[in-house]
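This report goes through one protein chain and its fold. It takes up the sheet, the helices beside it, the charged pairs and a few single residues.

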Amino acid sequence: MKILVLPGDGIGPEITRATLEVLRSADAALALGLEFETREIGLASLATQGTTLPSEVLTRIPEADGVILGPVSHYEYPPREQGGINPSAELRVRFELYANLRPCRSRADFSILRKPMDLVIVRENTEGFYSDRNMYAGSGEFMPDADSAFSIRKITAKGSSRVARAAFLLARGRRRKVSAVHKANVVKLSDGLFLREVRKVAQEFPDVELEELIVDATAALLIRTPERFDVIVTTNMFGDILSDEAAELSGSLGLGGSINAGDDRCVAQAQHGSAPDIAGRKVANPTSLILSAAMLLNWRGQRCANPKLVAAATLVERAVEQTLENPHTRTRDIGGTLDTDAFADAVIAALRQKGARS
């Protein structure tokens with residue numbers, strides 16, 4: 001499996017390095033045949049090539065079997081015409097990575113919930129309220145005068161249908177329930193279209209329950225009754241906000257994996273940002289990117305019928321869980337003492353232990 005590695009900005013290079021060490025250990029344990037190619041993006045490539053997303057990177061992505069994308073500081077980038085392209089958004093749209101999958105499972109020592117959470121949020125990834133990615137040319141946000149700003153929300157039947165199908169397929173392998181989250185009582189046309197397509201797809205999955213919930217009610221129910229949710233499917237911005245809420249409720253934004261998946265490509269990406277305030281100090285928690293990389297292995301293994309990759313994903317996930325369970329092998333942000341590299345070493349030790357048993 002050929003993996004293109006894009007370390008990104010801020011803490012990106014640090015947590016990417018830790019993630020690759022874990023993957024190399026899994027490769028050694030299971031003979032996966034992993035190959036890594038690293039390319040600069042973000043502020044590093046802006047300084048050397050005048051763009052945050054060089055054309056050769058875009059050329060290499062279709063040639064790879066998967067991509068690991070570190071966090072990016074796109075808020076600090078110059079305008080697009082000056083080379084400031086948001087790599088995360090560009091990859092999602094250009095390669096039709098329409099489903100952002102974010103699992104949220106509570107852990108005993110970290111969750112603030114009274115009842116356990118075990119859900120996956122499937123977020124539409126290419127349109128919605130995100131004005132930097134929902135137009136063919138230009139931005140969906142504009143100002144006709146100095147005191148008025150407008151933003152266009154884009155919802156399409158194609159985008160809604162394909163993310164709904166991804167959610168139902170996922171639910172069929174879990175507890176067979178999909179919650180479609182919307183605000184159709186207010187944005188009647190756009191969310192009405194989204195719900196229309198979700199209902200159409202639901203007819204293809206009579207074995208999966210469909211419920212429809214308004215987004216503000218969902219935000220409250222994630223706190224009150226998290227156990228009711230299995231798979232949540234929703235539009236781009238609602239999914240972004242709800243997945244951050246769910247991640248924090250279940251333990252921390254830094255403890256959940258995330259992939260951006262299309263029909264034939266997948267990008268692993270941590271749920272959190274680039275945290276430039278702690279960059280270079282080796283204190284960042286690499287858990288999210290490590291788990292995202294495990295999700296990438298599983299995604300590829302499922303599609304290529306490669307049981308070794310699926311087994312490796314499980315091995316990495318279990319090693320991470322074992323490491324987090326021990327207060328002495330946690331990073332500082334969650335009450336431990338380990339730095340980024342030491343945490344990766346602890347995961348590798350757990351991985352080798354589990355690999356020797358299997």
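The text below describes a predicted model, beginning with its sheet.

## The sheet

The sheet is open and has 10 strands, arranged in the order E2-E1-E3-E12-E11-E4-E5-E10-E8-E9, and its pairing is mixed. At the edges stand strand E2 (35-38) and strand E9 (209-214); each has a single partner strand, so one side of each is left without a neighbour in the sheet. From one strand to the next, the twist averages 25°.

The part of the sheet that begins at E2 can be followed strand by strand. E1 and E2 run parallel and are joined by 4 bridges. Within this pairing, Leu4 has Glu37 of E2 as its bridge partner. Strand E1 (residues 2-6) also pairs with E3, again in the parallel sense, over 4 bridges. There the bridge partner of Val5 is Ile68 in E3. E3 in turn pairs with strand E12 (residues 266-269) in the parallel sense, over 3 bridges. Leu69 has Gln269 of E12 as its bridge partner.

Which residues of strand E3 (residues 66-69) point one way, and which the other? Gly66 and Ile68 point one way, Val67 and Leu69 the other way, and all of them are buried. Ile68, the bridge partner of Val5, is thus listed among the buried residues of E3, and so is Leu69, the bridge partner of Gln269.

## Helices against the sheet

Helix H1 (residues 12-30) packs on the sheet and touches E1, E2 and E3. The direction of H1 makes about 165° with that of E2. Helix H5 (residues 157-172) lies across strand E4 (99-105), E5, strand E8 (177-182), E9 and strand E10 (231-234). Relative to E5, H5 runs at about 160°.

## Charged pairs

Side chains of opposite charge can pair when their charged atoms come close. How many salt bridges does the model have, counting a Lys or Arg side-chain nitrogen within 4 Å of an Asp or Glu carboxyl oxygen? The count comes to 33 salt bridges. Three of the pairs are set out here.

| Acidic residue | Basic residue | Closest N to O distance |
|---|---|---|
| Asp118 | Arg175 | 3.8 Å |
| Asp132 | Arg133 | 2.8 Å |
| Asp264 | Arg265 | 3.6 Å |

The pair of Asp118 and Arg175 links separate parts of the chain: Asp118 lies in strand E5 and Arg175 in the loop between H5 and E8, so the salt bridge ties together parts that are 57 residues apart in sequence. Asp118 has 31% relative accessibility and counts as partly exposed. Arg175 is partly exposed as well, with a relative accessible area of 41%.

In the pair of Asp132 and Arg133, the two residues fall into separate classes. Asp132 is partly exposed at 45% relative accessibility, whereas Arg133 is buried, with a relative accessible area of 10%. Because buried means under 20% relative accessible area, the value of 10% places Arg133 in that class. Arg265, the partner of Asp264, is partly exposed at 25% relative accessibility.

Salt bridges that share partners also join Glu37, Arg39, Arg60 and Glu63 into one network. Glu37 is the residue of E2 that has Leu4 as its bridge partner.

## Single residues and a surface patch

Is Val316, which belongs to helix H10 (residues 307-325), buried or exposed? At 0% relative accessibility, Val316 counts as buried. Apart from neighbours within four places in sequence, Val316 is in contact with Val22, Ala26, Ile290, Ala294 and Leu351. Val22 is 294 residues away from Val316 along the chain, yet their C-alpha atoms are separated by 7.7 Å.

Ser106 is located in the loop between E4 and E5. With 15% relative accessibility, Ser106 counts as buried. Its contacts, leaving aside neighbours within four places in sequence, are Ser111, Pro116, Met117 and Ser250.

On the surface, a nonpolar patch is formed by Met135, Phe142, Phe150 and Ile152, which together have about 350 Å² of accessible area. Met135 sits in the loop between strand E5 (118-124) and strand E6 (141-145). The relative accessibility of Met135 is 36%, and this residue counts as partly exposed.

Methods. Residues numbered from 1 in each chain as written. Predicted model: local features only at pLDDT ≥ 70, side-chain atom pairs only at ≥ 80, totals over all residues. Heavy atoms only, no water. Patch = residues over 30% accessible without salt bridge, like charges linked within 9 Å, V, L, I, M, F, W, Y side chains within 5 Å. Areas by Shrake-Rupley, 256 points an atom, 1.4 Å probe, with all protein chains shown as cover. Helix = DSSP H or I, 4+ residues; strand = E, 2+ residues; numbered from the N terminus. Buried < 20%, exposed > 50% of the residue type's maximum accessible area, 1.4 Å probe, protein only. Pairing = 2+ DSSP bridges. Axes fitted to C-alpha atoms, helices over the stretch in contact; angles between N-to-C directions. Contact = heavy atoms within 4.5 Å.
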